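Here's a quick walk through this chain, going from a few single residues out to the overall shape. Have the viewer open as you read.

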Amino acid sequence: SMLGITDLKPGTFFIFEAAPHVVVSAEHSKLGRGGSILRSRIRNLKTGAIFDRTLKGNEQFDEADVTRQPMQFLYADDSAATFMDMVS
């Protein structure tokens, strides 16, 4: 489903610049003539990078399809980490 800036609250997962991100913090501001902006801090879930972004009121984003479940870390190399599903 599509998300507007009013849907972006801390903990919300969404697609930004073709990668999944999570909202770390969000501050909504009203502008003159009924416009609004969102000053946000977001984390790229692939790289772990955190950055600040100001989003405009008319921007729309796809919701990210994210699943959380407990895993046990096994090992990592230069390009990937391997985890074990504790259930299956």
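Setting aside residues up to four places away in sequence, methionine 2 touches Asp7, Gln60, Phe61 and Asp62. This is a predicted model, so take each contact here as a computed one. Methionine 2 sits in strand 1, which covers residues 2-3. Its relative accessible area is 45%, so it counts as partly exposed, falling between the 20% and 50% cut-offs. If you hop along the chain by twelve residues you get to phenylalanine 14, and the C-alpha atoms of methionine 2 and phenylalanine 14 are 9.0 Å apart.

Next up is lysine 56, which belongs to strand 5 (residues 50-56). With the same sequence neighbours left out (up to four places away), lysine 56 touches Ile5, Ser36 and Ile37. Take the Ile5 partner: lysine 56 and isoleucine 5 are 51 residues apart in sequence, but their C-alpha atoms are 7.4 Å apart in space. Lysine 56 has a relative accessible area of 55%, and that is over 50%, so it is exposed.

Now for the loop between strand 2 and strand 3 (19-30), where you'll find glutamate 17. Alanine 18 lies in that loop between strand 2 and strand 3 too. Which residues there have a positive phi without being glycine? Glutamate 17 does, with a phi of about 50°, and so does alanine 18, with phi near 65°. Both are out on the surface: glutamate 17 counts as exposed at 59% relative accessibility, and alanine 18 is exposed with a relative accessible area of 74%.

Here are the four residues side by side:

| Residue | Relative accessible area | Class |
|---|---|---|
| Methionine 2 | 45% | partly exposed |
| Glutamate 17 | 59% | exposed |
| Alanine 18 | 74% | exposed |
| Lysine 56 | 55% | exposed |

What about the inside? The largest nonpolar core has ten residues: Leu3, Ile5, Leu8, Phe14, Phe16, Val23, Leu38, Ile42, Leu55 and Phe61. Strand 2 (13-16) and strand 4 (36-44) are the elements that give two or more residues to this core. Phe16 is a good one to click on: leaving aside neighbours within four places in sequence, phenylalanine 16 is in contact with His21, Ile42, Phe51, Arg53, Leu55 and Phe61. Some names recur from earlier, since Ile5 in the core is also a contact of lysine 56, and Phe61 in the core is also a contact of methionine 2.

Zooming out, how many helices and strands does the chain have? The count is zero helices and eight strands, and along the sequence the pattern reads β-β-β-β-β-β-β-β. The radius of gyration is 16 Å, well over the 12 Å that the globule rule gives for 88 residues, so the chain is more spread out than a compact globule. Along the principal axes, the C-alpha atoms fill a box of roughly 55 × 25 × 20 Å.

A few whole-chain numbers round things off. Buried residues come to 25% of the 88 in the chain. Of the contacts with a separation of 6 or more, 34% are between residues 24 or more positions apart. The chain exposes about 6,400 Å², and carbon and sulfur atoms supply 51% of that area. As for charge, there are 10 positive and 11 negative charges, and their mean positions are 12 Å apart.

Note on methods:
Residues are numbered from 1 along each chain as its sequence is written. This is a predicted model: local features need pLDDT of at least 70, side-chain atom pairs count only at pLDDT 80 or more; totals for chains, interfaces and linings use all residues. Side-chain values use heavy atoms; hydrogens and water are left out. A nonpolar core is a set of buried Ala, Val, Leu, Ile, Met, Phe, Trp, Tyr and Cys residues joined through side-chain atoms within 4.5 Å. Buried means under 20% relative accessible area, exposed over 50%, partly exposed in between (1.4 Å probe, protein chains only). Helices (H or I, at least four residues) and strands (E, at least two) are DSSP runs, numbered from the N terminus. Contact means heavy atoms within 4.5 Å. The radius of gyration is taken over C-alpha atoms; the globule rule is 2.2 Å times the number of residues to the power 0.38. Accessible areas come from the Shrake-Rupley method with a 1.4 Å probe; for residues, only the protein chains shown count as cover. Lys and Arg count as positive and Asp and Glu as negative; His and the chain ends are not counted. The place of a charge is taken as NZ of Lys, CZ of Arg, CG of Asp or CD of Glu.
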